[in-house]
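Student: Could you take one part of this model, the place where the two protein chains meet and the sheets that run across it, and go through it closely? I would also like to hear how the DNA strands are approached by the protein, if that can be connected to the rest.

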Protein chains: 2
Amino acid sequence: MVEIKKRESTVSLSQEVKKQILEYIERNDLQPNDKLPSENQLTKLFKTSRYTLREALALLKQERIIYKIKGKGTFVNKKPIQIKSGLEYLDSITEIIKKFGYVPGTKWVSIEEKSPTKDMIEKLNLKSKGKVITFKRIRTANGKPAAFLVDTVAKKVLGNRKPEIIIYESLFDYLEKEFGIIIEYAVSEIIPAFSTDEMIKYMGVEKNSLFLLLYQLHYDREGRPIIYSFDYFDPEVFKFKVIRSR
Amino acid sequence: MVEIKKRESTVSLSQEVKKQILEYIERNDLQPNDKLPSENQLTKLFKTSRYTLREALALLKQERIIYKIKGKGTFVNKKPIQIKSGLEYLDSITEIIKKFGYVPGTKWVSIEEKSPTKDMIEKLNLKSKGKVITFKRIRTANGKPAAFLVDTVAKKVLGNRKPEIIIYESLFDYLEKEFGIIIEYAVSEIIPAFSTDEMIKYMGVEKNSLFLLLYQLHYDREGRPIIYSFDYFDPEVFKFKVIRSR
DNA sequence: TAGTGGTCTAGACCACGAG
DNA sequence: TCGTGGTCTAGACCACTAC
């Protein structure tokens, strides 16, 4: 019989051990490139198995707080990199604006029922007969227009309901709370673009001003394409970063 | 005494098991949302431990080939997403051009020794006295100019050597093979931009044409900043995609 | 040769989902 | 209640680094 440690907390043990390692670094004032104790020693220190310890180290490695060299040891990294909005994390735009420290707002432009384009049929896996609903919105940060969003979902996703008025800021929240659809990931193409006529008309931006266009398809957990979108972001407001790893 | 399986192959067992799972899906013609056997059954099928099997499944999950639901099982996802150039993977531009199916080339514009800008001093952690070397290149795809690269490294990184002629296509290869410096990751800001005067002059692009600017800092394994770069990409040639996950 | 991180095995309990 | 994936333990061999 193997004795298993009892836990009251809801978080996993590896999360707990991760915290303890961070505290260890703090307490012993480890500087960048200083060596941590070996995994064997750490298991004894924190009274845990090597598996759990290595999970905790994996989390820290992922966050680039430590790095490992086989045969040598585990070392403390340079100060963590601050990523304000890592593109690889899929947040709703509401969340992104909040993270930047602004107050998010929404101006509705239109909600239209349309026939899908060829590209929509292909990407959303539609029958050619099926209609789509397109939501056009201007997102504001501290009241200033910051993004122009054109999001399209298949009409069948919304059932028979008419999305005349939407009380939600975020389309993610709307789909999740009203229809139980949870968006899990998106595949986005990043394209530099000029302001469109609609943006000039509704956002009041100048002609030929620069925007970052994210042409994206959002999927649910089962990999079904749900939202097809062209989202234009003002590069003065949104600083998109990505961590690229080999 | 626990008996450990002997392996001739150099790849890990989990990689091997991953292949076997893919073959299983193929052989049994599993369709999207079809259920895989339970982890318990799969361990027996492939004669491996649950740990190794779960590592293999983790790899497949990461590639979005399968998805898991706790308490229910493991399921086959929709057709895999083709990512031509996932921005989250750090490849040299040479590699990216090759992946697109083009033949990469380089036109050298200049190699200059300069005093660093304030931003370079801060980002590259320089003493204000230290000089930097800036490499300006045009990268071509099938002979057509496709990107304009301005890469800067601290002079001390290159020691006393003069980088007059570089036989390498890739700056990564140059640093790795001549100086043993291995770039491991980069933090990139993605900015829409107009062509600069230099690009108009040397690349022959038109004024006010659109480019995607990656303003990035490349780090080595120990987290030291090595390359500071402004890389401009022609959006007609480079289609940058990112998978964004919650 | 000794010590480190990387991989693998075997077995156990926990938490979720469905009947 | 049962089967599933999620987490955890204990112990072993392998591959790399430094001496």
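Tutor: What follows begins with the contact between the chains, goes on through the sheets strand by strand, and ends at the DNA. The model is a predicted one, and every value below is computed from it.

The relation between the two copies is a good place to start. Chain A can be laid on chain B by a turn of 180 degrees and a shift of 0.1 Å along the axis, with an RMSD of 0.3 Å. The two copies are thus related as by a two-fold rotation axis. Within chain A, the residue that comes closest to this axis is A:Pro192, whose C-alpha lies at 2.4 Å. The copies also use the same surface, since 100% of the contact residues of chain A recur in chain B.

The contact itself takes 35 residues from chain A and 36 residues from chain B. On the side of chain A that touches chain B, strand 6, strand 7 and strand 9 (240–245) each supply at least two residues, and strand 6 of chain A gives the largest share, with 10 residues. By residue type, that side of chain A divides into 19 nonpolar, 5 polar and 11 charged residues.

Strand 6 of chain A has a partner in the other chain: 6 bridges join strand 6 of chain A to strand 9 (residues 240–245) of chain B, and the two run antiparallel. In this pairing A:Ala186 stands opposite B:Arg244. The reciprocal pairing is present as well, for strand 9 of chain A is joined by 6 bridges to strand 6 (residues 183–194) of chain B, again antiparallel, and there A:Ser245 stands opposite B:Tyr185.

These pairings belong to sheets that draw on both chains. One of them is an open sheet of 7 strands in the order 3(A)-4(A)-5(A)-8(A)-7(A)-6(A)-9(B), with antiparallel pairing. Its edges are strand 3 (104–114) of chain A and strand 9 of chain B, each of which has a single partner strand, so one side of each is left without a neighbour in the sheet. Neighbouring strands of this sheet are turned against each other by 20 degrees on average, direction ignored. Another open sheet of 7 strands, also with antiparallel pairing, has the order 9(A)-6(B)-7(B)-8(B)-5(B)-4(B)-3(B). Its edge strands are strand 9 of chain A and strand 3 (104–114) of chain B, which pair on one side only, and the twist from one strand to the next averages 20 degrees.

Going inward along the chain A strands, strand 6 (residues 183–194) and strand 7 (residues 210–220) of chain A pair in the antiparallel sense over 11 bridges, with A:Ile190 and A:Leu214 as one pair of bridge partners. Strand 7 of chain A in turn pairs antiparallel with strand 8 (residues 225–233) of chain A over 8 bridges, and in this pairing A:Leu217 stands opposite A:Tyr228. Strand 7 and strand 8 of chain A form a hairpin with 4 residues between them, and A:Gly223 in the turn has a positive phi of about 80 degrees. Elsewhere in the sheet, strand 4 (residues 132–141) and strand 5 (residues 144–154) of chain A run antiparallel and are joined by 10 bridges, where A:Ile133 has A:Val153 as its bridge partner.

The DNA can now be added. Around DNA strand D there are 26 residues, of which A:Leu13, A:Tyr51, A:Thr52, A:Gly71 and B:Ser38 come nearest. The elements that give two or more residues to this surface are helix 1 (13–27) and helix 3 (50–62) of chain A, together with helix 2 (39–46) and strand 2 (73–76) of chain B. Helix 3 of chain A gives the largest share, 4 residues, and the surface near DNA strand D divides into 6 nonpolar, 11 polar and 9 charged residues.

For DNA strand C, 27 residues surround the strand, and the closest are A:Ser38, B:Leu13, B:Tyr51, B:Thr52 and B:Gly71. Here helix 2 (39–46) and strand 2 (73–76) come from chain A, while helix 1 (13–27) and helix 3 (50–62) come from chain B, as the elements giving two or more residues. The largest share, 4 residues, comes from helix 3 of chain B.

How values were computed:
Residues numbered from 1 in each chain as written. Chains lettered and ligands numbered in written order. Predicted model: local features only at pLDDT ≥ 70, side-chain atom pairs only at ≥ 80, totals over all residues. Near = placed C-beta within 6 Å. Nonpolar A, V, L, I, M, F, W, Y, C, P; charged D, E, K, R; others polar. Least-squares fit on C-alpha atoms with pLDDT ≥ 70 in both. Contact = placed C-beta atoms within 7 Å. Pairing = 2+ DSSP bridges. Axes fitted to C-alpha atoms, helices over the stretch in contact; angles between N-to-C directions.
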